[in-house]
Structure formats: structure tokens, C-alpha cells
Amino acid sequence: MVLKVKVDRERCQGHARCNALAPELFALDAFGNAHEIGDGRVPAGLEDKAFLAKANCPELAVEVIEGEGS
Ligand code: SF4
């Protein structure tokens, strides 16, 4: 099973908590708004960080999606 993170850019208000908690998964643009790195795939071992970022986003903008394979 593969986890992916995704930022809803309509909701994101740029608190940068996701990036602070999981810099491997989230990058910030020049305005401090976040986006997932690459295609959002969560490398093995970083699953907890993905859920931590989701739990700490005050705008509920972080989704963690479970999927099969690629
Ligand atoms: S914590 Fe949420 S609102 Fe803040 S930058 Fe990340 S996605 Fe955006």
C-alpha cells in the first residue's frame, strides 16, 4: 500500500506547520503556502509524519490518501 499526501491549495492559508513537521513531504512557495513534494508519495518510514502533518493543519488542507501501487 502506498500513501500519498495532497494539499488542498484552496484551503491552505500558509501556516507552514506541515513543512515544519514534515519537510520531506511538503514544500512552501514564495508566499508560504504549501504543496506536496513531487507526486506526494510518502516514502517508507515517513507515514507517521504524513498523518502528523494532516492532524496539525489548522485549515484541514492536508489529505493523506491510501492507494495501491503507483
Ligand atoms: S499546515 Fe495546512 S494551511 Fe499550513 S501551510 Fe500546511 S497545508 Fe497550508
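The legends below describe close-up views of a predicted model, with residues numbered from 1 along each chain as its sequence is written. Local features need pLDDT of at least 70, side-chain atom pairs count only at pLDDT 80 or more, and totals for chains, interfaces and linings use all residues, while side-chain values use heavy atoms, with hydrogens and water left out.

**View 1. The ligand and its surrounding shell in the largest cavity.** The ligand sits in the largest cavity, a cavity being a set of points, on a 1 Å grid over the protein atoms alone, where a 1.4 Å probe fits but cannot get out; a molecule sits in a cavity if more than half of its atoms lie within 2 Å of its grid points. Around the ligand there are 13 residues, of which C12, H15, A16, C18 and C57 come nearest (a residue is near a molecule if one of its heavy atoms lies within 4 Å of it). By residue class, the shell consists of eight nonpolar, three polar and two charged residues, where Ala, Val, Leu, Ile, Met, Phe, Trp, Tyr, Cys and Pro count as nonpolar, Asp, Glu, Lys and Arg as charged, and the others, Gly among them, as polar.

**View 2. The cysteines C12 and C18.** C12 counts as buried, at 13% relative accessibility, and C18 likewise counts as buried, at 9%; buried means under 20% relative accessible area, exposed over 50%, and partly exposed in between (1.4 Å probe, protein chains only). The model has zero disulfides, a disulfide being a pair of cysteine sulfur atoms within 2.5 Å.

**View 3. Positive phi values at A16 and L60.** Most residues other than glycine have a negative phi. A16, however, has a phi near 65 degrees; this residue lies in the loop between β1 (2-7) and α1 (17-21) and is partly exposed, with a relative accessible area of 24%. L60 has a positive phi as well, near 55 degrees, and is placed in the loop between α2 (47-56) and β4 (62-67), where L60 is exposed at a relative accessible area of 62%. Helices (H or I, at least four residues) and strands (E, at least two) are DSSP runs, numbered from the N terminus.

**View 4. R9 and its surroundings.** R9 lies in the loop between β1 and α1 and is exposed, with a relative accessible area of 55%. Leaving aside residues up to four places away in sequence, R9 touches A34, H35 and E36, contact meaning heavy atoms within 4.5 Å. Although R9 and A61 are 52 residues apart in sequence, the two are 7.2 Å apart in space, C-alpha to C-alpha.

Technical notes:
1 Å grid on protein atoms, 1.4 Å probe; cavity = no way out; pocket = protein on both sides within 12 Å on 5 of 7 lines; lining within 4 Å.
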